[in-house]
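Subject: The structure I promised you

Hi there,

Here is the structure we talked about, with the sequence alongside. Have a look around in the viewer first, and then read on for what turned up.

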Amino acid sequence: MDAGRRLYRMQLEMRLFEKRAYDLFLRGLVKGTSHLSIGQEAIAAGFGAAMRPDDWTFATYRGHAHTLARGVPMAAVMAELLGRVDGLMAGKGGSMHLTSVEHGVMGSYAIIGAHLPIALGAAWSAQYRDSGQVAVCFFGDGTTNIGAFHEALNLAAVWKLPVVFVCENNLYMEYTPIAEVTAVPRPAADRAAAYGLEPLTVDGNDADAVHEVAVTALARARAGEGPSLVEALTYRHGGHSRADPAAYRPAAEVEEWLARDPVPAYRARLLAAGVPEADLEEIEAGVRQAVDEATERAERSAVPGEDLLLTELWADGGVSWRN
Ligand SMILES: Cc1ncc(C[n+]2csc(CCOP(=O)(O)OP(=O)(O)O)c2C)c(N)n1
Ligand SMILES: [Mg+2]
């Protein structure tokens, strides 16, 4: 499959997977909360397509797309959302904690900013071992106002670590517009200079543009030239989490961004470039079938039994010495 078709397929997988996840939530099958990245798929796809299989992804609670972008099977992610034994973590983690070390998905972190220093640790290990691996760390605009963001950026720059920081600026934190609480218009790019980095912004709704930026940043990191900080401008179509109708957003703003939906825009670009409609329909039918199959497998999978309650838990044995 050529690069354009692949990027279209990846974005469509993310889109249809998350739409299905939302349907399953409405049916009461998805337990716990979940955060969709519908509207932001071009970023996960653009980076995912540019990364080497042994590179690492560090994601947030909004991490379904980033997990799929690394080739994690859809059925395992779907079953995890449903809390079933065939889930990625046997149903014990759920939507906000997707992890697959095998695919380089080094966790989804629900504490804002917590994973930036952790990504540095991975990058430091790659630098020490001279492995050529790169850590790619995704986070939101709101994260740029957390101390860990600044600490991580500074140390990454000082130690020239192979890490790419990707700020997905979707204009909102939970319910607060980022512009109301930030001293500069571009929360990530306008701060890059403080760490000796280039200010990089990209249209986060354009998978080709993101892919191009990703290829350059990854090559830089691999060549020992240190970190990059990319600010990708985008918009989430829905609310912050499943419980949020997002009524705080101006209707005109929502309209404007819906008109820039990355998935139909990419389809139109491929058509304009001469890709036959039938090829796109074939991709679409394939993705629809994959989502249906993943749903069926997830729904058929069993709910974890009590035997799993005490497996894969970590304890430091503290009770024996703390008191
Ligand atoms: C340290 C910390 N403070 C507050 C929260 C609550 N919280 C969860 S998501 C969120 C907004 C984050 O916004 P942003 O970084 O822009 O990411 P987005 O949800 O837009 O992808 C907040 C404040 C948290 N999870 N962790
Ligand atoms: Mg945000």
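Let me begin with Ala90, which counts as partly exposed because it has 17 C-beta neighbours inside 10 Å. Please keep in mind throughout that this is a predicted model. Ala90 sits in the loop between helix 4 and strand 2, and its phi is positive, at about 55 degrees, although it is not a glycine. Why mention that? Most residues other than glycine have a negative phi. Leu171 is another residue to look up: its phi is near 75 degrees, again a positive value in a residue other than glycine. You will find Leu171 in the loop between strand 4 and strand 5. Leu171 has 17 C-beta neighbours inside 10 Å, so it counts as partly exposed.

Now for the sheet. It is an open sheet of 6 strands, paired in parallel, and the order across it is 2-1-3-4-6-5. Strand 2 (105-109) and strand 5 (200-203) are at the edges with a single partner strand each, so one side of each has no neighbour in the sheet. From one strand to the next, the twist averages 20 degrees. As background, strands of a sheet pair through backbone hydrogen bonds, either parallel or antiparallel.

Next, pick out strand 3 (residues 135-140). How many of its 6 residues are buried? The count is 6 of the 6, so strand 3 is largely enclosed by the rest of the structure. You can check this face by face: Ala135, Cys137 and Phe139 are buried on one side, and Val136, Phe138 and Gly140 are buried on the other. Strand 3 pairs with strand 1 (residues 56-60) in the parallel sense over 3 bridges, and Phe58 stands opposite Cys137 there. Strand 3 is also joined to strand 4 (residues 163-169), by 6 bridges, and these two run parallel as well. In that pairing, Phe139 stands opposite Cys167. If you follow the chain from strand 3 through helix 6 (residues 147-158) to strand 4, you trace a right-handed β-α-β unit.

Strand 5 gives you something to set beside that. Its side chains alternate: Leu200 and Val202 point to one face and are buried, while Thr201 and Asp203 point to the other and are not. Strand 5 is joined to strand 6 by 4 bridges, and the two run parallel. Asp203 stands opposite Leu233 in strand 6. Strand 5, helix 7 and strand 6 make a right-handed β-α-β unit too. Helix 7 (residues 207-222) lies across strand 4, strand 5 and strand 6 (228-233), and runs at about 170 degrees to strand 6.

Among the helices, helix 2 (residues 41-50) is mostly covered, with 9 of its 10 residues buried. The buried ones are Glu41, Ala42, Ile43, Ala44, Ala45, Gly46, Phe47, Gly48 and Ala50.

There is a ligand as well. Which residues are closest to ligand 1? They are Ile112, Gly140, Gly142, Thr143 and Met173, out of 15 residues that surround it. Gly140 is one you have already met, as a buried residue of strand 3. The shell around ligand 1 divides into 6 nonpolar, 5 polar and 4 charged residues.

Finally, a few stops in the loops. His97 is in the loop between helix 4 and strand 2. With 18 C-beta neighbours inside 10 Å, His97 counts as partly exposed. Leaving aside residues up to four places away in sequence, His97 touches Met89 and Ser108. His97 and Tyr61 are 36 residues apart along the chain, with 6.7 Å between their C-alpha atoms.

The loop between strand 4 and strand 5 holds Ala194 and Gly196. Are they buried or exposed? Ala194 counts as exposed because it has 11 C-beta neighbours inside 10 Å, and Gly196 counts as exposed with 12. From C-alpha to C-alpha, Ala194 is 17 Å from Leu161, and the two are 33 residues apart in sequence. The C-alpha atoms of Gly196 and Arg52 are separated by 26 Å, with their places 144 residues apart along the chain.

Enjoy exploring, and write back with any questions.

Best wishes

How values were computed:
Residues numbered from 1 in each chain as written. Chains lettered and ligands numbered in written order. Predicted model: local features only at pLDDT ≥ 70, side-chain atom pairs only at ≥ 80, totals over all residues. Buried ≥ 20, exposed ≤ 12 C-beta atoms within 10 Å, placed from the backbone. Pairing = 2+ DSSP bridges. Right-handed = clockwise from strand over helix to strand, strands pointing away. Near = placed C-beta within 6 Å. Nonpolar A, V, L, I, M, F, W, Y, C, P; charged D, E, K, R; others polar. Axes fitted to C-alpha atoms, helices over the stretch in contact; angles between N-to-C directions. Contact = placed C-beta atoms within 7 Å.
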